[in-house]
Amino acid sequence: MSNLFSWREVAATEGRVVAPDERLPWLQTGAMGVQHVIAMFGATVLAPILMGFSPNIAILMSGIGTLIFFLVTGGKVPSYLGSSFAFIGVVIAASGYAGKGPNANIAVALGGIVACGVVYILIGALVQAIGTGWIERFMPPVVTGAVVAVIGLNLAGVPIKNMAASNFDSWMQAVTFLCVGLVAVFTRGMLQRLLILVGLILATAVYALLTNLLGMGKPVDLSGIANAAWFGMPTFTAPVFTTNAMLLIAPVAIILVAENLGHLKAVTAMTGRNLDPYIGRAFIGDGIATVVSGASGGTGVTTYAENIGVMAATRIYSTAVFVVAALIALVLGFSPKFGALIQAIPLPVMGGVSIVVFGLIAIAGAKIWVDNKVDFSQNKNLIVAAITLIIGTGDFTLKFGDFALGGIGTATFGAIILYALLGRSRNA
């Protein structure tokens, strides 16, 4: 254990790559930890809001999950675990969440998240025993790209139908995604990396100007922030296990596997360190973190591309940075004032941000195709992608007795099965 927290200190010379087992002086490591918290913040908070979960619990569990991941991988894999968007569609379906306020059926969804974590752990154990070849064979880039794209497309109706109660709200959604777009294109450096967070702040300021000062809509209410305590225990929720919810949510493990595998490959390429021996342990760590989160009232978690982007920009891959970031998240999780601040964000602004985020998820799927040079002149790839996109976006549902598999679930299994069947043809 002592070796686990023993990093070799190196100087912050310009252009120097800081390896996972190295660290900058603690003050600079702390600053980098803050930057990683900011990078994960927007998505980690947005996901629970869209599912009716507590942002405080989500932030707290992201910190705990990151520490679990660090311990299980022996401190060898630099990564931050945050709320996974792959759960949103199935959690909404399982709990019947309407898109506003706390989720009344959160306990049922939590049971499914715990089941997903258990499946993920089992997959990790299998990978640890026999390697990842079988995953890459069943889930090639054409499949993973289609499934990732479907996650974003399937959720498109949530902000548009459920997060704009009036014409004014719809216009504020448009203002919000315009703000995010302007930040993404016309800023540089850290501001650009925080495009979601900065865009959200700008849009909230515009919303407050139009409502609180000009009376054009529901005013921003800051009384909850003033009345909330700085520190306090978050409200934990125990899971309830139902067959339908577990069968609906557990298959998300397949998506998390594809996502995590891609992230690990990216970190391997950036660090020059072969992380293949740790892939199974990474899956197990992520799975345990998801079980712990679901058992406490939090969302399922996954490794975060946002933080991988920060590593790529800074060339600092020290796992010490992620321990610091996790500890900061723990402190935020025990602050009701932080939770009240998040709840004060106007719903139309969150809707506009959601449109951007879900669109980026869809594009991330297409990027997998581009990066891996998927050949769509092959009918096999063309048919798999085409059918997967439509059944996922259209929320195609298949019923097995009382159990209904819809949207993301049918798209995920459909893509895998279709590829396996069509792959048998030599003329594909």
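Helices here are DSSP runs of H or I with at least four residues, and strands are E runs of at least two.

**Figure 1. The whole chain, a predicted model, with its helices and strands.** By that count, the chain has 20 helices and six strands. Its C-alpha trace spans about 65 × 55 × 45 Å along the principal axes. How does the radius of gyration of the chain sit with that of a compact globule? Quite happily: a compact globule of 428 residues would come out near 22 Å, and the chain has 21 Å, which agrees.

**Figure 2. Contacts, surface and charges across the chain.** Of the contacts with a separation of 6 or more, 79% link residues 24 or more positions apart. As for burial, 53% of the 428 residues make the cut. The accessible surface adds up to about 18,400 Å², and carbon and sulfur atoms hold 67% of that. Then there are the charges: 21 positive and 15 negative, with mean positions 3 Å apart.

**Figure 3. The largest nonpolar core and its best-connected members.** This core takes in 98 residues. Which of them touch the most other members? That would be Phe85, Phe87, Ile88, Ile249, Phe283 and Phe358. Apart from this core lies another one, made of seven residues, including Val10, Leu24, Met32 and Ile316. As a bit of background, nonpolar side chains in soluble globular proteins tend to be buried together.

**Figure 4. A closer look at Phe283 and its contacts.** Phe283 is one of the residues that touch the most other members of the largest nonpolar core. With neighbours within four places in sequence set aside, its contacts include Tyr120, Ile123, Gly124, Val127 and Ile135. Val257, Asn260 and Leu261 are also in contact with Phe283.

**Figure 5. Lys337 in helix α17.** The helix itself covers residues 336-343. Is Lys337 buried or exposed? Buried: its relative accessible area is 13%, and the cut-off for buried is under 20%. Skipping neighbours within four places in sequence, Lys337 is in contact with Ile225, Ala226, Ala228, Ala229 and Trp230.

**Figure 6. Ser6, ahead of strand β1.** Ser6 belongs to the segment before β1, the strand at 8-9. Its relative accessibility is 46%, so Ser6 counts as partly exposed; exposed would take over 50%. How far is the C-alpha atom of Ser6 from that of Met270? These two atoms are separated by 22 Å, and the residues are 264 apart along the chain.

Note on methods. Residues are numbered from 1 along each chain as its sequence is written. This is a predicted model: local features need pLDDT of at least 70, side-chain atom pairs count only at pLDDT 80 or more; totals for chains, interfaces and linings use all residues. Side-chain values use heavy atoms; hydrogens and water are left out. The radius of gyration is taken over C-alpha atoms; the globule rule is 2.2 Å times the number of residues to the power 0.38. Buried means under 20% relative accessible area, exposed over 50%, partly exposed in between (1.4 Å probe, protein chains only). Contact means heavy atoms within 4.5 Å. Accessible areas come from the Shrake-Rupley method with a 1.4 Å probe; for residues, only the protein chains shown count as cover. Lys and Arg count as positive and Asp and Glu as negative; His and the chain ends are not counted. The place of a charge is taken as NZ of Lys, CZ of Arg, CG of Asp or CD of Glu. A nonpolar core is a set of buried Ala, Val, Leu, Ile, Met, Phe, Trp, Tyr and Cys residues joined through side-chain atoms within 4.5 Å.
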